[in-house]
Amino acid sequence: MEDAKNLAKTYNPQEFEDRLYNEWVTKGYFHAEVDKKKKPFTIVIPPPNVTGQLHMGHALDETLQDILIRYKRMQGYNALWVPGTDHAGIATQAKVEAEIREKEGLSRYDLGREKFLERVWDWKHQYGSRIINQLKKIGSSCDWERERFTLDEGLSKAVREVFVNLYNKGLIYQGSRIINWCPHCITALSDVEVDHEEQAGHFWHIKYPIKDSNDFVIIATTRPETLFGDTAVAVNPADERYKDLVGKMLLLPLTDREIPVVADEYVDKEFGTGCVKITPAHDPNDFEVGLRHNLAQIKVMNDDATMNSYAGKYEGMDRYECRKAMIKDLEEMGLLVKVEDHSHNVGQCSRCGTTVEPIVSKQWFVKMKPLAQPAIDAVKNDETEFVPEHFEKVYFHWLENIRDWCISRQLWWGHRIPAYYCDECGEMVVTKDEKPVCPKCGREMRQDPDTLDTWFSSALWPFSTLGWPEKTEEMDYFYPTSVLVTGYDIIPFWVMRMMFSGIEHTGQVPFKHVFIHGLVRDSQGRKMSKSLGNGIDPLEIINQYGADALRFTLATGNAPGNDMRFYTERVEASRNFANKIWNASRFTLMNLDITENKLPDLNDLQLEDKWILSKYNDVVKTVTENLDRYELGVALSNLYDFIWESFCDWYIELVKPRLFDKENPTAKTAQYVLTYVLSNTMKLLHPFMPFITEEIWLHLPHEGESIMISDWPVYDEKLKFAEAENSMELIMQAISAIRNRRAEMNVPPSKKAKVIIVTDKTDVFSKGTVFFEKLASASEAIVQTDKTGIGENAVNVVVPSAEVYLPLDELVDKTKELERLNAEKKKLEGEIKRVEGKLSNQGFVAKAPQAVVEEEKAKGEKYKEMLSKVLESIKNMENM
């Protein structure tokens, strides 16, 4: 045991948080080895981007995971929390490219692939550990000996294994499809990497002349610059208006090409003119129409969204510049009919915000339908359960409407696609071999230049981190994992991909529960973002208030799946709570002369001892039950109420007379109960606030090295004292009522007055006479069954099971008190009149700054509120 009297006078987390964390790491408390005698409990961390800095979302995510892992570790589980980082393809490459451009004026193409990748690895080695060190500041008890990186050797092997297996099963294929293309990042994007936003745009109505006729058809488009890629105009076969047009040729404006009119049921004859331009290379629906009618695919843009040679004189222009110029030309040619305002959904790159261009491209895809169904079934059969359950709907929506997943990216940083081409004979092979030779002609082969979508490797995270595809002990013991903790915003990106990957490659779901939390928003409810400048740095909060205060704030009131608002005031309140615990612990330690932590003989317990033990016992039960249900916020709220009110505000005050009186035969019992309840409550609080609880627990009498590896408290039937609990509650309610009544009458606590309790439960209230004297400023407490000897002017307070009387003349001098109240009334009426005079003066209201006017209004409201309380007090006093 630490020197009990050595607990610092003031709570200063900076003095012990880092010290304790380093001790935990050094002693290996976070590390887990396979141990068949213990039940495993596994969490894999959602790997933060290696480029990242800790933000409030990470802080919430990691706090919730750490609460669960510390709780299960104390319950005796073999708890493993696997940490690591994600290579974050686009984000990392963009960051390094920008740095090279700014410092050296070079692009990645100037350096070449190999040299550029060396630079990215250098950057990773320099900054990659930053986010990991920041996670440690929060108190994350990850097994740092098992830290992984999505591009490390083992995970790269798993990626190649999965790609080759899926390819051999026909579930990965190369094909031309319409994909989402970001002209800024210059890469393909999967559907979930595109954010859709309602934007104001236009419908341009354009005439397409009919060949050998003076007539024309009118089409409407929101993207006129794609006209150069039109290879047909489609009409509905059932549309009588255009029956005779099908098969005829149209003159494509601004080009020398002719395009056919085709009939296709895709066209809605009620929408617009019933004629639709078909651009197979630039629209997913047109692509399908093009396949049905064997139409050419003409791509009219370069990778950076400038126009190519198909755009004729507009070649080299940016897509929007081209749009402007061609609309002007169409108008001059008399081919522009009208322009309509039109609001429509526009896809934007979730990384950079650039408007995405749907474009035909040869890419690699995962065939999703066969993989999606088992992942749907696993949740429907409760093999994996979502908390809260309603997030299953988001999961099902994505999987039931899934399109094939475009997995190739035109980036250099990432897992390179294990496809190889022979430039001699044209052969292609997909293989795990990193330097294959052509099976047909024996020549060296060239690897596909593209890399895989970052989420491809993240999808394998729960099992690749445990050694798969090798049949490791860890894989056999720790997998499937127990729970995934993550935000609802990445259910489609990550959760569903881990689900179908886990089932496909291991035959098992990757986790039993998916615990979904919401986003951390600012005090106004807005999402924290760089553009709004409203982000709050968790490290600054930790430096100012301590990690425990931040963790407490993030966990309090955090209902599964719900967003939370972050206020600095809440962190201050959390720090106040830590301070309260610290001071209560210091008081306890200063009054201890026992050296062991044990329950005293239950026969020696006093009423208040039984009450606190019974309340503590209940809190063990409710905290444990709520943690098991992932109701972490409710569990913490139960603990907060118990510590602040029951233990600090009541029990400590109730036992002070016994502690201070060393001759009292029950003084030792009070010390044992105080120590037992405080140290075990610290255990319950430890997962939420690990540092302060360890520091206090080590100073109290204890067994073992650390609270972290001590046993989680369990409900104990013999500590349920229902009768004592009810009796004590009655006494406490009476004390609170007396205090409130005295406060209403402005009677200071130092003014002692007799308390007479009239009740038929004299046995109960008689046990509390010492408490009325100590906590209700009673000169003496008399318990009786009737109103004998109670004066007519006695103040009456009704409480459950009793009526309490306080002789008025012992409380206040009625005449003097009325004089004081009337003087207060006059003063407030004068202030109200002054404020109202100011506010009715139009000159003041017009000229004074708005803030000053608002301040005066607030003063007026405050004075009125104070006056109403004074009037109430006068009325009460006069009626006595």
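Let's start at Thr788, which sits in the loop between strand E27 (778-784) and strand E28 (795-799). Thr788 is exposed, with a relative accessible area of 56%, and the cut-off for that word is over 50%. Now look for Val758: the two residues are 30 apart along the chain, and their C-alpha atoms are separated by 9.3 Å. Keep in mind as you go that this is a predicted model.

Next, go to the loop between helix H10 (369-380) and strand E15 (385-387), where you'll find Glu383. Asp382 lies in that loop between H10 and E15 too. How much of these two can be reached from outside? Glu383 has 40% relative accessibility and counts as partly exposed, while Asp382, at 43%, counts as partly exposed as well. Both belong to a negative surface patch, formed by Asp377, Asp382, Glu383 and Glu389. Asp382 has another quirk: its phi is positive, about 65 degrees, although the residue is not a glycine.

Stay around here for a moment. The peptide bond from Val387 to Pro388 is cis, with omega near -5 degrees, and Pro388 is found in the loop between E15 and H11. Helix H10 also takes part in a salt bridge: the side chains of Lys380 and Glu400 meet at 3.7 Å, N to O. Since Lys380 lies in helix H10 and Glu400 in helix H11 (residues 392-400), the pair ties together parts that are 20 residues apart in sequence. Glu400 itself counts as partly exposed, at 39% relative accessibility.

That bridge has plenty of company, as a search of the whole structure finds 56 salt bridges. One of them joins Asp628 and Lys72, with the closest N and O atoms 3.8 Å apart. What does this bridge tie together? Asp628 lies in helix H19 (residues 607-628) and Lys72 in helix H2, so the pair connects parts that are 556 residues apart in sequence. Asp628 is partly exposed at 42%, whereas Lys72 is buried at 12%.

Another bridge brings the side chains of Lys432 and Glu161 together at 3.1 Å, N to O. Lys432 is in the loop between strand E19 (428-430) and strand E20 (446-447), and Glu161 is in helix H7 (residues 153-168), so this pair ties together parts 271 residues apart in sequence. Here Lys432 is partly exposed, with a relative accessible area of 40%, and Glu161 is buried, with 17%. Salt bridges can also link up into a network, and Glu831, Arg834, Lys838, Glu856 and Lys859 do just that.

Now for the aromatic rings. The count comes to 38 aromatic pairs. Take Phe41 and Tyr77: their ring centres are 6.2 Å apart with 70 degrees between the planes, and the pair is edge-to-face. Phe41 lies in strand E1 (residues 40-44) and Tyr77 in the loop between helix H2 (56-74) and strand E2 (78-82), so the pair ties together parts that are 36 residues apart in sequence. Phe41 is buried at 7% relative accessible area, while Tyr77 is partly exposed at 21%.

How are the rings of Tyr173 and Phe365 arranged? Their centres lie 5.5 Å apart and their planes are at 15 degrees, so the pair is stacked. The pair links distant parts of the chain, with Tyr173 in strand E5 (residues 172-182) and Phe365 in strand E14 (residues 357-366), 192 residues apart. Tyr173 is buried at 16%, and Phe365 counts as buried at 3%. Elsewhere, ring pairs link Phe163, Tyr167, Trp364, Trp405, Phe456 and Phe500 into a cluster.

Two backbone details finish the tour. The peptide bond from Trp468 to Pro469 is cis, with omega near 15 degrees, and Pro469 lies in the loop between helix H13 (461-464) and helix H14 (473-478). Tyr630 has a positive phi of about 65 degrees although it is not a glycine. You'll find Tyr630 in the loop between H19 and helix H20 (632-660). Is Tyr630 buried or exposed? Tyr630 is buried because its relative accessible area is 9%, and buried means under 20%.

Technical notes
Residues numbered from 1 in each chain as written. Predicted model: local features only at pLDDT ≥ 70, side-chain atom pairs only at ≥ 80, totals over all residues. Heavy atoms only, no water. Patch = residues over 30% accessible without salt bridge, like charges linked within 9 Å, V, L, I, M, F, W, Y side chains within 5 Å. Areas by Shrake-Rupley, 256 points an atom, 1.4 Å probe, with all protein chains shown as cover. Salt bridge = Lys/Arg side-chain N within 4 Å of Asp/Glu carboxyl O. Lys, Arg positive; Asp, Glu negative; His and termini not counted. Charge placed at Lys NZ, Arg CZ, Asp CG, Glu CD. Helix = DSSP H or I, 4+ residues; strand = E, 2+ residues; numbered from the N terminus. Buried < 20%, exposed > 50% of the residue type's maximum accessible area, 1.4 Å probe, protein only. Phe/Tyr/Trp six-rings, centres within 6.5 Å; stacked < 30°, edge-to-face > 60°.
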